[in-house]
Amino acid sequence: MGIERAIPGYGPVQASPLSTAKGCGMDLPNMALPKQCAMLLAPAGNLEAAKQAFQAGADAVYVGLKGWSRGGARGEFDRKQLRLCIELAHALGKKVQLAANIIPKPQERQKLLRQLAELADCGLHAVILNDVGFLREVRRKLPGLAITASIGCGALNTSDALFYQDLGATAVV
């Protein structure tokens, strides 16, 4: 497909042919393609890691935002870096998920909800959460934002996944 875009101060990035092919990387004639494909989601602790993940075929990356994830020394984005990552993803037809996999204190919830709303307006595709109550609150307040139930939610089987779906999760890891 040859998608190539540049982010100011970052240089050109090109999507891999596999990640842009029809049928989730399968382009075989006379083959019934799946209705819904698995998403290849890769971690990215910085913009270079996001760029490499997209070029390697990732459909999306997940990133941490300073203060709201457990990324710590592995790398967390500030808001400006996160916006650049979202721009990069959109230029390539990719997505960004924010790992906000903390359990916010009652006094932090409204601030995090406001920040999530601002980031959703900037094009954030999804948020990864592990607090069941907060997951439900995000679903009610931000219905257009996809929610992934984090591995910290402890979903082990189909029944667990359906439980999180009922709460508003659109994906479970």
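Here is a short walk through three places in this predicted model: its main nonpolar core, a strand residue beside it in the listing, and a buried arginine.

Let's begin with the core. The largest nonpolar core holds 40 residues, and those with the most contacts inside it are Val-61, Val-63, Leu-82, Val-96, Leu-116 and Val-138. Helix α3, spanning residues 79–91, gives the most to this core, with five residues. In soluble globular proteins, nonpolar side chains tend to be buried together.

Val-96 is a good residue to click on next. Setting aside neighbours within four places in sequence, Val-96 is in contact with Val-61, Val-63, Leu-82, Cys-85, Ile-86, Ala-89, Leu-124, His-125 and Ala-126. Tyr-62 is 34 residues from Val-96 in sequence, yet their C-alpha atoms are 5.8 Å apart in space.

Tyr-62 itself lies in strand β4, residues 60–64. Its relative accessible area is 32%, so Tyr-62 counts as partly exposed. Beyond residues up to four places away in sequence, Tyr-62 touches Leu-41, Ala-42, Pro-43, Ala-44, Gln-97, Ala-99 and Ile-128.

Now turn to helix α5, residues 132–141, where you will find Arg-139. What is the nearest side chain of opposite charge to this buried residue? That is Asp-166, 11 Å away, and Arg-139 has no salt bridge. The side chain of Arg-139 does reach backbone oxygens: that of Leu-145 at 3.0 Å, and that of Gly-168 at 3.0 Å. Leu-145 and Gly-168 also appear among the contacts of Arg-139 outside its neighbours within four places in sequence, together with Gly-144, Ala-146, Ile-147, Leu-167 and Thr-170.

Conventions: Residues numbered from 1 in each chain as written. Predicted model: local features only at pLDDT ≥ 70, side-chain atom pairs only at ≥ 80, totals over all residues. Heavy atoms only, no water. Helix = DSSP H or I, 4+ residues; strand = E, 2+ residues; numbered from the N terminus. Buried < 20%, exposed > 50% of the residue type's maximum accessible area, 1.4 Å probe, protein only. Lys, Arg positive; Asp, Glu negative; His and termini not counted. Salt bridge = Lys/Arg side-chain N within 4 Å of Asp/Glu carboxyl O. Polar contact = N/O pair within 3.5 Å; in protein donor to acceptor, adjacent residues only side chain to side chain. Contact = heavy atoms within 4.5 Å. Core = buried A, V, L, I, M, F, W, Y, C linked by side-chain atoms within 4.5 Å.
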